[in-house]
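Student: I have a protein model open and would like to talk it through. Could we begin with the overall fold and then turn to particular side chains?

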Amino acid sequence: MPDDFDLLETNSNEKTEKVDVNWGKAIDQMKSKLAQEDDPESRQKILNATLDNVVDMAEKDRTTLLDAIKDLTDYQDEVGIMFEGFSALNAAEQKIIDDAIKRLERAKVELEDAKNKPDTWWNNLWGRKSKIRDAEQELQNAQKERDASDNKAKAMFQQRIETADVQTLLNELSFKSQAAIQRLKDREIEIKEVEESLKTAIVEASNNHTKALQKKQEVEDKLEEQYALLKQARQALEEVADKQSTEYSDALAKVTTLEQKVEELEGLKNAYTTLAASKDSFVHKHNLTIKVLTSLRSNLQTHRAKLKSDTDERLKYYDGYVVALKARTDQEFAAILEHLGVKTDEHIGETLAAMHTASAKARQEMMDNIPVHEKVMQGVYGSYAEALGEIRTKDAEIQKNFADRYGIDMKEIFDEYYKVDPNAPAGDGGGEPAGQPKPEASEDDLLG
């Protein structure tokens with residue numbers, strides 16, 4: 001069959017790529033972690049919230065975020081996502097990877113330069129072969145460093161976020177969301193490309209199905225001819241009387257040749273029949289695959305659109321949350337300052353009162369140390385009693401004035417003041433006062 005179309009030829013140039021990813025396990029682990037976040041006491045926590053409670057809740061948020069970031073990072077490894085493309089590395093972490101890449105590229109160039117040196121006795125004399133060996137060893141070392149750089153950067157990243165604040169963790173989660181959006185978009189493009197290739201495959205399979213049927217029909221037509229010739233040849237063989245003659249041998253050879261031809265055509269008929277059925281089957285398989293891929297691509301578009309939109313909104317939401325945390329801290333700081341201010345006021349008041357008491361005692365000691373003659377002291381105490389009487393009279397006027405003007409009863413305050421000396425005179429100027437009121441009452445006299 002002189003035809004450039006041959007469905008029996010096997011195409012050995014097809015490329016296959018094996019991807020071994022345990023998606024189910026990774027996704028189940030993530031779902032399990034998320035399911036543990038259901039807290040039936042959340043309503044009660046809100047109702048009974050205090051600033052101290054909020055601190056605990058915020059720390060739980062940080063811990064939950066930290067666990068989520070760790071799980072996502074582990075998930076990246078399981079599904080084959082490049083670490084440096086899915087995590088927000090800082091300068092030090094990124095430098096580890098960049099340095100490893102530069103070293104590897106430099107080692108490749110140096111090895112290529114060493115090998116490009118002409119293989120002459122002169123170059124070999126100056127160490128061409130040893131330079132090649134050294135360059136090959138450096139390339140191996142550089143490749144090992146590059147392979148390990150991701151793990152080193154990842155370890156530094158994990159250590160950094162272990163003590164990171166909520167804002168850093170939220171930024172990391174946002175970065176992963178942005179990376180996931182791009183990944184979903186890339187996957188959509190990949191699916192679309194496969195869909196187009198499958199559409200082409202459907203056309204090819206359909207054409208091959210048609211051609212296989214055509215070939216099958218051609219073979220069947222030839223079979224009909226060969227069947228007729230074989231029937232005639234067998235009849236001619238039977239009509240030969242002398243079974244030992246050359247005529248019989250020729251007739252038998254002709255029958256054998258026709259039988260062989262029929263057998264070959266029968267085989268081709270079966271082959272093209274099978275191929276036609278196979279191509280028809282693949283038309284339906286490809287069509288089903290396209291439907292599935294289109295559905296998946298549509299779902300990915302939905303997730304990507306929602307994730308992109310929600311991420312934009314979530315960034316604002318996170319900003320509000322971080323500002324709220326800072327405001328809570330500022331509020332607590334203000335409360336602490338207020339508390340310290342009140343305590344300071346109390347302490348200063350106590351100190352001032354102690355100063356007054358100490359001053360009064362100092363004046364008492366000063367008076368006790370003055371040599372006192374009875375006659376002089378009687379005159380002093382008499383004057384003191386007289387002055388005290390005037391003071392009490394003035395006190396009474398002040399009390400009344402305060403009561404009239406401000407509605408404040410000063411009697412208790414003044415009574416407390418005079419309780420310091422239970423033996424104080426009654427205010428008639430007679431008697432000999434003793435105790436605490438001495439320096440207070442005589443202050444003006446002594447300083448006058």
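Tutor: Helices and strands here are DSSP runs, with at least four residues for a helix and at least two for a strand, numbered from the N terminus. Please keep in mind that this is a predicted model.

Student: How many helices and strands does the protein have?

Tutor: There are 11 helices and zero strands. Of the 448 residues, 25% count as buried. The accessible surface comes to about 31100 Å², and carbon and sulfur atoms account for 54% of that.

Student: Which residues of H4 are buried?

Tutor: They are Glu-93, Ile-97, Ala-100, Leu-104, Ala-107, Leu-111 and Ala-114. Helix H6 is among the parts that cover them. H4 itself comprises residues 91-116 and spans 37 Å from its first C-alpha to its last, close to the 38 Å expected.

Student: What happens at the start of H4?

Tutor: A side-chain oxygen of Asn-90 comes to within 3.2 Å of the backbone nitrogen of Ala-92.

Student: Turning to H6, is Asp-150 buried or exposed?

Tutor: Asp-150, which is found in helix H6, has a relative accessibility of 16% and therefore counts as buried. Its side chain makes a polar contact of 3.4 Å with that of Arg-146.

Student: Now the charged pairs. Which residue forms a salt bridge with Lys-216?

Tutor: Glu-220 does, with the closest N and O atoms 2.7 Å apart. Because the two residues are four apart in helix H7, about one helical turn separates them. Both Glu-220 and Lys-216 are buried.

Student: And what does Lys-269 pair with?

Tutor: Lys-269 forms a salt bridge with Glu-220, at 4.0 Å between the closest N and O atoms. Lys-269 lies in helix H8 and Glu-220 in helix H7, so this pair ties together parts that are 49 residues apart in sequence. Lys-269 is partly exposed, with a relative accessible area of 25%.

Student: How many salt bridges does the structure hold?

Tutor: It holds 16. Arg-103, Glu-138 and Glu-145 are joined into one network by salt bridges that share partners.

Student: A last topic: which residues form the nonpolar patch on the surface with about 590 Å² of accessible area?

Tutor: Trp-121, Trp-122, Leu-125 and Trp-126 form that patch together. Trp-126 sits in the loop between helix H5 and helix H6. With a relative accessible area of 58%, Trp-126 is exposed.

Technical notes
Residues are numbered from 1 along each chain as its sequence is written. This is a predicted model: local features need pLDDT of at least 70, side-chain atom pairs count only at pLDDT 80 or more; totals for chains, interfaces and linings use all residues. Side-chain values use heavy atoms; hydrogens and water are left out. Patches are made of residues with over 30% relative accessible area and no salt bridge: like charges are joined within 9 Å, nonpolar side chains (Val, Leu, Ile, Met, Phe, Trp, Tyr) within 5 Å. Accessible areas come from the Shrake-Rupley method with a 1.4 Å probe; for residues, only the protein chains shown count as cover. A salt bridge is a side-chain nitrogen of Lys or Arg within 4 Å of a carboxyl oxygen of Asp or Glu. Buried means under 20% relative accessible area, exposed over 50%, partly exposed in between (1.4 Å probe, protein chains only). The expected span of a helix is 1.5 Å times one less than its number of residues. Contact means heavy atoms within 4.5 Å. A polar contact is a pair of N or O atoms within 3.5 Å; within protein, one must be able to donate a hydrogen and the other to accept it, and residues adjacent in sequence count only if both atoms are side-chain atoms.
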